[in-house]
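This briefing covers the overall build of one protein chain and then a handful of its residues. Please keep the sequence and the model open while reading.

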Amino acid sequence: MKLSNILRNIFWIFTALLTGFVLFLLLSGTKCFAVQSESMSPTLHRGDAVFVRKADFSQLHEGDIVSAYFPESDGVFTHRIQTVDPQKQQITTRGDANMSDDPAPTEAKKIIGKLWFSVPAVGFLSLYLQNRTVVILLLIAVFVLVALRAVLEFRKKTDE
């Protein structure tokens with residue numbers, strides 16, 4: 001069996017598995033975020049991907065790790081619950097590496113969900129794709145590879 005056939009088969013298997021995983025995440029309502037700081041170290045590190053499932057407020061307990069929108073912006077953070085206030089429908093959170101609680105409590109409506117699982121370093125791709133220079137370099141690399149393949153195919157045809 002040719003190396004190109006083996007690589008093609010690996011590519012298609014990987015694509016099928018990745019597609020199945022993404023469909024599973026979509027159907028289960030799971031959201032994924034990239035950890036952007038070391039505030040949850042040593043539990044989570046910058047570049048880890050966290051997968052979060054929606055949880056009813058009554059299912060949240062001290063010690064759970066949740067992702068939520070910042071109180072006054074659209075940004076997302078992932079921290080550990082320190083206290084739960086059922087009357088006010090709020091939680092107090094803190095990053096594992098932080099010495100004090102987050103400045104403001106998080107309202108129930110701002111909570112995206114509870115940590116289901118994390119994958120180390122997978123979130124780096126997302127973090128890098130937020131950088132315009134990296135995106136441009138990736139697009140140039142793809143263009144060069146496509147052009148190189150076209151040139152090689154043309155040379156192969158003209159040699160025959």
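**Briefing: chain and selected residues**

In this predicted model, His79 touches Ser39, Met40, Asp64, Ile65, Val66, Thr93, Arg94, Gly95, Asn98 and Asp102, leaving aside residues up to four places away in sequence. The chain around His79 has 3 helices and 7 strands. Its radius of gyration is 22 Å, well over the 15 Å that the globule rule gives for 160 residues, so the chain is more spread out than a compact globule.

**Overall build**

- Along the sequence, the elements of the protein chain follow the order α-β-β-β-β-β-β-β-α-α.
- Taken along the principal axes, the box filled by the C-alpha atoms is roughly 80 × 30 × 25 Å.
- Of the 160 residues in the chain, 22% are buried.
- Among contacts with a separation of 6 or more, 52% are between residues 24 or more positions apart.

**Surface and charge**

- The chain exposes about 11,400 Å², and 63% of that area is supplied by carbon and sulfur atoms.
- There are 17 positive and 15 negative side chains.
- The centres of the positive and negative sets lie 11 Å apart.

**His79**

- His79 belongs to strand 4, which spans residues 76–85.
- The relative accessible area of His79 is 9%; this residue counts as buried because the value is under 20%.
- One side-chain polar contact of His79 is with the side chain of Asp102, at 2.7 Å.
- The side chain of His79 also makes a polar contact with the side chain of Ser39, at 2.9 Å.
- Both of these partners, Ser39 and Asp102, are in the list of residues that His79 touches.

**Thr106 and Lys110**

- Thr106 is located in strand 6.
- With a relative accessibility of 3%, Thr106 is buried.
- Not counting residues up to four places away in sequence, Thr106 touches Ala68, Phe77, Gln89, Gln90, Ile91, Thr93 and Ile111.
- Lys110 sits in the loop that runs between strand 6 (106–107) and strand 7 (111–119).
- Lys110 has a relative accessible area of 23% and is partly exposed, because the value falls between the 20% and 50% cut-offs.
- The contacts of Lys110 are Ala68, Tyr69, Phe70, Pro71 and Ser73, again without residues up to four places away in sequence.
- Ala68 is thus listed among the contacts of Thr106 and among those of Lys110.
- Lys110 and Val76 are 34 residues apart along the chain, and their C-alpha atoms are separated by 9.4 Å.

**Backbone features in loops**

- The peptide bond from Ser41 to Pro42 is cis, with omega near 10°.
- Pro42 is placed in the loop between strand 1 (31–34) and strand 2 (49–53).
- Gln89 is a residue other than glycine with a positive phi, near 55°.
- The loop that holds Gln89 lies between strand 4 and strand 5 (90–94).
- Gln89 is partly exposed, at 36% relative accessibility, and is one of the residues that Thr106 touches.
- Ala121 is not a glycine either, yet has a positive phi of about 70°.
- The position of Ala121 is in the loop between strand 7 and helix 2 (124–129).
- Ala121 has a relative accessible area of 43% and is partly exposed.

Conventions
Residues numbered from 1 in each chain as written. Heavy atoms only, no water. Helix = DSSP H or I, 4+ residues; strand = E, 2+ residues; numbered from the N terminus. Buried < 20%, exposed > 50% of the residue type's maximum accessible area, 1.4 Å probe, protein only. Polar contact = N/O pair within 3.5 Å; in protein donor to acceptor, adjacent residues only side chain to side chain. Contact = heavy atoms within 4.5 Å. Rg over C-alpha atoms; globule rule 2.2 N^0.38 Å. Areas by Shrake-Rupley, 256 points an atom, 1.4 Å probe, with all protein chains shown as cover. Lys, Arg positive; Asp, Glu negative; His and termini not counted. Charge placed at Lys NZ, Arg CZ, Asp CG, Glu CD.
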